Amino acid sequence: MSTAATAESGKDRLFLLKVLGPIHVWALGVGIVLVGEYMGWNFSVAKGGALGSLIACWVIGLLYTCVAMIDSEVTSTVAAAGGQYTQAKHIIGPLMAFNVGLYLVMAYTMLEAADALIVGDLLTQLAEESGVTDFNAQAFVVLTIAILAFMNYRGVLMTLSVNFLITAVAFIAIIVMFFGISPWNEGVTIFHGDLLTGLPYGWIGVVAALQFGMWYYLGIEGTCQAAEEVRSAGRSIPLGTMCGMITLLIAASLTWFMASGLLPWEYLGQAMVPLYDTARMTGSPMLQTLLFVGTLFAAVASANGCINDASRAWFSMGRDRYMPTWFGAVHPRYRTPFRSIVFLIPIAVSFAFTGLLDQVITFSILSGLLGYTFMSINVIKFRRKWPLGVIDRGYVHPFHPLPALMLLTLCTATYFATYLGYGPQLLSIMVFYIIASIWFALHRYKYVARGDQFTMTWPRPAGY
Amino acid sequence: MSIWTIASYAAWAISALLLGWMLFDLIRVGAVYGEDFLMSAREGEDELLQEAEEEEGGRK
C-alpha cells in the first residue's frame with residue numbers, strides 16, 4: 001500500500017462512506033420507481049380495461065408491500081451493499097447469490113437504459129413541437145447516462161440528495177395535478193361515470209394486466225442496496241422503504257384515478273405518456289409544463305438510482321470474487337465503487353442504443369420478478385435458520401409466513417400473465433440465467449472467496 | 001444550424017468530457033494506489049464501528 005493512500009484516508013482500509021439517512025433511502029427507492037407512474041402502467045389498461053388496471057394496481061401493490069416488508073426485515077440484519085445478493089449469499093448459497101446478483105445488475109442496467117431512452121423520447125417530442133424534424137436523441141441519451149454516472153462516481157451523498165430533490169418534484173407534480181383537476185367535480189372535470197366500462201376482456205384480462213401493474217412499483221426493493229452506506233441500517237432501511245411504499249401506493253392510486261377519469265381506456269391503453277396526456281386534457285398550460293418536467297425528472301431520478309444500485313450489486317460480487325476482484329475496488333477519495341460504475345456505462349449505452357424500449361423493460365421486469373420469487377423463499381429459510389430472538393433485527397415483519405406465501409402466489413400469477421403476453425422473452429431470459437448458472441458452477445465458483453464471504457456475526461443456524 | 005443541432009453537438013462534447021475524465025481518474029487512481037488498498041473494503045465492517053472501538057479502547 002502506498003504512503004499517499006494511508007495519508008489521504010487516514011486509515012489503512014477503505015470503506016464505502018456511511019453518510020445516508022432515511023430520506024436518501026426513500027429517494028433511492030421512490031426515485032427508481034416513480035417514472036412507472038408517469039408511463040408504462042397504462043399498458044395494463046389495454047389488457048384488462050381501466051377497472052382491470054386498478055385491480056392489478058392494488059394486487060401488485062400487495063405483492064410489493066410483501067417485498068418491502070420482507071426486504072426491510074432481512075436488510076436490517078444484513079447491512080451490506082449488494083442487497084438481495086448479499087442476503088442470498090448468507091441465507092441460501094452461492095449459486096442463488098450469483099443468480100440474484102445477475103438479476104439485480106441486469107434489471108437495473110436495463111431500466112437505466114430505458115430511462116435514458118425516455119429522456120431522449122421526451123426531448124424528441126419537444127424538438128418536434130418546435131418544428132425540428134431531423135432531431136437525433138442519441139447524444140442526449142448518452143449525456144444523461146454520462147452526467148448521472150459522473151455524479152455517482154463523485155459521491156453517494158450528492159447523488160442521492162439530488163435524487164431526493166427531483167423525485168420530490170415529480171411526486172409533488174402528481175399531487176398538484178390531482179388538486180388541479182378538481183376531482184370532487186364528477187361529471188364536470190372528471191368523468192368516471194362515462195369512462196369506466198367494466199372488464200372488457202373479463203377476468204383473464206385482469207390476470208394479463210398484472211404484468212404491467214408491476215410498473216407502478218418496480219424497483220422499490222432497490223433501497224436495500226444502500227445498506228452499507230446508511231448511518232443506521234436497522235432504522236433507515238425499514239423507515240425509508242416503508243415510507244417509499246406508502247408514497248408509491250398513493251401516487252399509483254392518484255395516477256389511475258386522474259388518467260382513467262379523463263381518457264377513454266382504448267386510448268389510455270396505448271398512450272406513451274399517459275399522465276402528460278391527462279394534463280393536456282385539462283387544457284391548463286401550467287399543468288402541462290409541470291407534468292412534462294415531472295416526467296423528465298422521474299426518468300432521470302430512476303436512471304440515477306439504477307446506476308447506484310447496479311454498481312453496488314456488481315461491486316459486491318467483485319468483492320466476493322463472484323466476478324473479477326478488480327470490480328471490488330473503492331475510490332480512495334470519493335469512496336464509491338468507481339470501477340463498477342464505469343464498467344456498467346457502456347453496457348447501459350449499448351442497451352439504450354438498441355432503441356427497443358419495450359423489450360429492454362420486459363427483460364428488466366422479468367429479472368425483477370425472478371428476484372421477488374427468490375425473496376419469498378429466502379425469508380422462510382431466514383426465519384427457520386435464525387428464528388426471532390436469535391439475532392437482532394431492526395424490523396420484524398408481521399404475520400410470517402403469510403407475506404412470503406402471498407408473494408410466492410402473486411409472483412406465480414405474474415409469471416403466467418407475462419407468459420400470456422411475452423412468452424418468448426420469458427423463456428429466453430430463463431435460458432440466459434440457466435447458461436449463466438452453468439458457467440458459474442463449472443468455471444467461476446472455484447474463484448469465489450468461500451469462507452471470507454460470510455461476514456455476519458450470527459450464531460450457527462438452527463439445525464446445523 | 002438550428003439550436004437543437006448545436007445542443008446535440010454540445011451534448012456529445014460534454015459526454016465525451018465526463019466519460020474521458022472518469023476514465024482518466026480511474027487509470028490515475030490505479031497507478032497511484034496499491035490494489036490491496038483499493039480492494040480493502042470488507043463487508044460487515046465500517047469506519048463508524050472502527051471509530052467507536054478506538055474510542056472505547058482509548059477510554060480503557
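How much of the chain is helix and how much is strand over residues 32-418 of chain A? Keep that question in mind as you look through these close-up views of a predicted model.

**View 1. The annotated domain of chain A is rich in helix and has no strand.** Over residues 32-418 of chain A, the chain is 73% helix and 0% strand. The C-alpha atoms at the two ends of this stretch are 22 Å apart. UniProt lists these residues as "domain: Amino acid permease/ SLC12A", in an unreviewed entry. In chain A there are 17 helices and zero strands.

**View 2. Chain A has the radius of gyration of a compact globule.** A compact globule with 464 residues would have a radius of gyration near 23 Å, and chain A has 22 Å, so the two agree. You can also follow the C-alpha trace of chain A along its principal axes, where it spans about 70 × 50 × 40 Å.

**View 3. Chain A and chain B meet and bury about 3,900 Å² between them.** Of this buried area, 68% is on carbon and sulfur atoms. Look for Arg13(A), Phe15(A) and Lys18(A): in chain A, these residues lose the most area to chain B, together 15% of what that side buries. The contact takes 58 residues from chain A and 33 residues from chain B.

**View 4. Polar contacts and helices come together where chain A touches chain B.** Between the two chains, nine residue pairs are in polar contact. Several helices of chain A give two or more residues to the side that touches chain B, among them helix 1 (3-9), helix 6 (94-129) and helix 14 (285-319). Helix 7 of chain A gives the most, with 11 residues. The residues on this side of chain A divide into 33 nonpolar, 12 polar and 13 charged.

**View 5. Salt bridges cross the interface of chain A and chain B.** How many are found there? There are three across this interface, while the structure holds 10 salt bridges over all chains. In one of the pairs to find, Glu43(B) forms a salt bridge with Lys89(A), and the closest N and O atoms are 2.7 Å apart. Glu43(B) lies in the loop between helix 2 (35-38) and helix 3 (47-59) of chain B, and Lys89(A) lies in helix 5 of chain A, so this pair joins two chains. Another pair to find is Arg339(A) with Glu35(B), where the closest N and O atoms are 2.7 Å apart.

**View 6. Two loops of chain A hold backbone details to look for.** Which peptide bond is cis? The bond from His400(A) to Pro401(A) is cis, with omega near 10°. Pro401(A) sits in the loop between helix 16 (357-385) and helix 17 (402-442) of chain A. Now turn to Arg335(A), which has phi near 55°, a positive value in a residue other than glycine. You will find Arg335(A) in the loop between helix 14 and helix 15 of chain A.

**View 7. An annotated stretch of chain B is 100% helix.** The UniProt annotation "transmembrane region", from an unreviewed entry, covers residues 6-24 of chain B. Over these residues the chain has 0% strand, and the end C-alpha atoms are 27 Å apart.

Conventions:
Residues are numbered from 1 along each chain as its sequence is written. Chains are lettered from A and ligands numbered from 1 in the order in which they are written. This is a predicted model: local features need pLDDT of at least 70, side-chain atom pairs count only at pLDDT 80 or more; totals for chains, interfaces and linings use all residues. Side-chain values use heavy atoms; hydrogens and water are left out. UniProt positions are given in the numbering used here, feature names are shortened, and annotations may be inferred rather than shown by experiment. Helices (H or I, at least four residues) and strands (E, at least two) are DSSP runs, numbered from the N terminus. Contact means heavy atoms within 4.5 Å. Buried area is the accessible area (1.4 Å probe) that two parts lose on being put together, summed over both. A salt bridge is a side-chain nitrogen of Lys or Arg within 4 Å of a carboxyl oxygen of Asp or Glu. A polar contact is a pair of N or O atoms within 3.5 Å; within protein, one must be able to donate a hydrogen and the other to accept it, and residues adjacent in sequence count only if both atoms are side-chain atoms. Ala, Val, Leu, Ile, Met, Phe, Trp, Tyr, Cys and Pro count as nonpolar, Asp, Glu, Lys and Arg as charged, and the others, Gly among them, as polar. The radius of gyration is taken over C-alpha atoms; the globule rule is 2.2 Å times the number of residues to the power 0.38.
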